[in-house]
Amino acid sequence: MEEGSTVSTSTAPAEGGAHVGCCHYQRRSKFVTPCCNKVYTCRFCHDENESHPVNRKDVTELVCTSCNTRQKVQARCEKCNLSFGKYTCLECKLFDDEDKKQYHCDGCGICRIGGRDKFFHCEKCNMCLPIKLLNKHKCVENVSRGNCPVCLEDIHTSRMPCHIPDCGHLLHRNCFEELLTFGHYACPICQTSLLDMSKLWKYFDEEIKNTPMPEEFLNFKAEILCKDCHKESTVTFHVVALKCANCGSYNTCRIKGSPFSMDAARGNSSRDDQLPGPSTSASLSLPRALTLASAASASASSSASTSASSSSVPDAAASSATASSTPVSLSPSLENSAPKNPPPSSSTASSE
């Protein structure tokens, strides 16, 4: 059999039905690692016990678990003819008795699980994507050949599925779910919204409506950049959040200095002296925005003598790095408007 081929072989159960292999793979062979000349069942067992990683494609020798014969990498033992795994890929040096619908992708250069019929290889993204995204996804060149922006672990060879947001940047699904848990709904790379935020934007509309600004600040404007539509606009300033004039998103940040009064602008006064606060633009996370909403409500009631409803902040926001240190309970209205986790089907094929 030529090295580099992928075959499927039928193997009888282990004698007595005993488990073979390790906690990562069911197989009947062990690798002789070229880096330290030690014997391990798989690369993960090696990496968990050594201070350096092993490249399984560099492995040239293995040991049969039945007769302990040390030999070159091949599908069957040269002494006892034992098959090392029902699924065998000699290019990846992969053996596995468990059926995970494994297949070798030449484009990715590795084996993946989930079934070849359910995924396609995008040449520009350079990775396997769900077949339902064929001609329906945003291509980002070599998107998987980097690390997850949350945990900083490799994406291309990860055994964990990756979430595919509309912006096209990948992150591990469990990392994506943790972001949502802590109230972060923007892509860590480009800051585009990860989910449909329309219900939360309506909540902000109501919050701003019920939280009037003091009279002396009613005519203030702010120049903003929307991180969803990537357009600039000049909008009425509000301490709770700033709404994009083009797409209606609140995923925005201030640009070009501090908010300014239109009356002062016509008189050519300095913008930086108009409103207290930093003149530099800063990205506003949703937990921080919700916290400011609560503070703005109390401030507006005191300054303008108006009756304004206060905002509630999710409990998760209290543990966020950008949230207030004082936890506030989640209100029913905000709970109903919080984005929901998308179905697992919007994930990449996992590496084997």
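Where does H24 lie? H24 sits in the loop between β1 (6-8) and β2. I will come back to that residue shortly. First, a word on what is on the screen: this is a predicted model.

Let me start with the whole chain. The protein chain holds 7 helices and 17 strands. It has 352 residues, and 47% of them count as buried. The accessible surface comes to about 17,800 Å², and carbon and sulfur atoms own 49% of that. Take the contacts in the chain with a separation of 6 or more: residues 24 or more positions apart account for 48% of them.

Back to H24. Is H24 buried or exposed? H24 counts as buried, because its relative accessibility is 14% and the cut-off for buried is under 20%. Leaving out residues up to four places away in sequence, H24 touches C42, F44, C45, E48, K100 and R159. With one of these, E48, there is a polar contact between side chains, at 3.0 Å.

Next, helix α1, which covers residues 43-49 and includes D47. D47 is partly exposed, with a relative accessible area of 32%. Not counting residues up to four places away in sequence, D47 touches H52, P53 and V54. For V54 we can be specific: its backbone nitrogen lies 3.1 Å from a polar atom of the D47 side chain.

A second aspartate is D97, found in the loop between β7 (94-96) and β8 (103-105). D97 is buried, at 12% relative accessible area. A polar atom of the D97 side chain lies 2.9 Å from the backbone nitrogen of K86. D97 and R28 are 69 residues apart along the chain, yet their C-alpha atoms are separated by 8.5 Å.

Now the strands. As a reminder, strands of a sheet pair through backbone hydrogen bonds, either parallel or antiparallel. In which order do the 4 strands of the open sheet come? The order is β3-β2-β4-β5, and the pairing is antiparallel. At the edges are β3 (39-40) and β5 (70-72), each of which pairs on one side only. Between β2 (residues 29-32) and β4 (residues 61-64) there are 4 bridges. If you want to find this pairing on the screen, look for K30, which stands opposite V63 in β4.

Move along to strand β10, residues 119-122. In a regular strand the side chains alternate between the two faces of the sheet. In β10, F119 and H121 point one way, F120 and C122 point the other way, and all are buried. The partner of β10 is strand β11 (residues 127-130), joined to it in the antiparallel sense over 4 bridges. Within that pairing, H121 has C128 as its bridge partner. The hairpin of these two strands has 4 residues between them, and N126 takes a positive phi near 65° there.

Then comes helix α3, residues 198-209. It has 12 residues and reaches 17 Å from its first C-alpha to its last, close to the 16 Å expected at 1.5 Å a residue. Which residues of α3 are buried? They are L200, W201, Y203, F204 and E207. Seen down the axis of α3, these buried residues fall within an arc of 155°, so they line one face of the helix. On the other side of α3, K199, K202 and K209 are exposed.

The last stop is strand β14, residues 220-226. How many of the 7 residues of β14 are buried? The count is 5, so to speak of β14 as mostly covered is fair. β14 pairs with β15 (residues 232-236) in the antiparallel sense over 5 bridges, and K221 has T236 as its bridge partner there. The hairpin of β14 and β15 has 5 residues between the strands, and in it H230 takes a positive phi near 60°. β14 also pairs with β16 (residues 252-254), again antiparallel, over 3 bridges. In that pairing L225 stands opposite C253.

To close, return to two of the residues. H24 is buried and sits in a loop, while D47 is partly exposed and lies in helix α1. That is the end of the talk.

Key. Residues are numbered from 1 along each chain as its sequence is written. This is a predicted model: local features need pLDDT of at least 70, side-chain atom pairs count only at pLDDT 80 or more; totals for chains, interfaces and linings use all residues. Side-chain values use heavy atoms; hydrogens and water are left out. The expected span of a helix is 1.5 Å times one less than its number of residues. Buried means under 20% relative accessible area, exposed over 50%, partly exposed in between (1.4 Å probe, protein chains only). The arc is that of the directions from the helix axis to the C-beta atoms. Contact means heavy atoms within 4.5 Å. A polar contact is a pair of N or O atoms within 3.5 Å; within protein, one must be able to donate a hydrogen and the other to accept it, and residues adjacent in sequence count only if both atoms are side-chain atoms. Two strands pair if DSSP finds at least two bridges between them. Accessible areas come from the Shrake-Rupley method with a 1.4 Å probe; for residues, only the protein chains shown count as cover.
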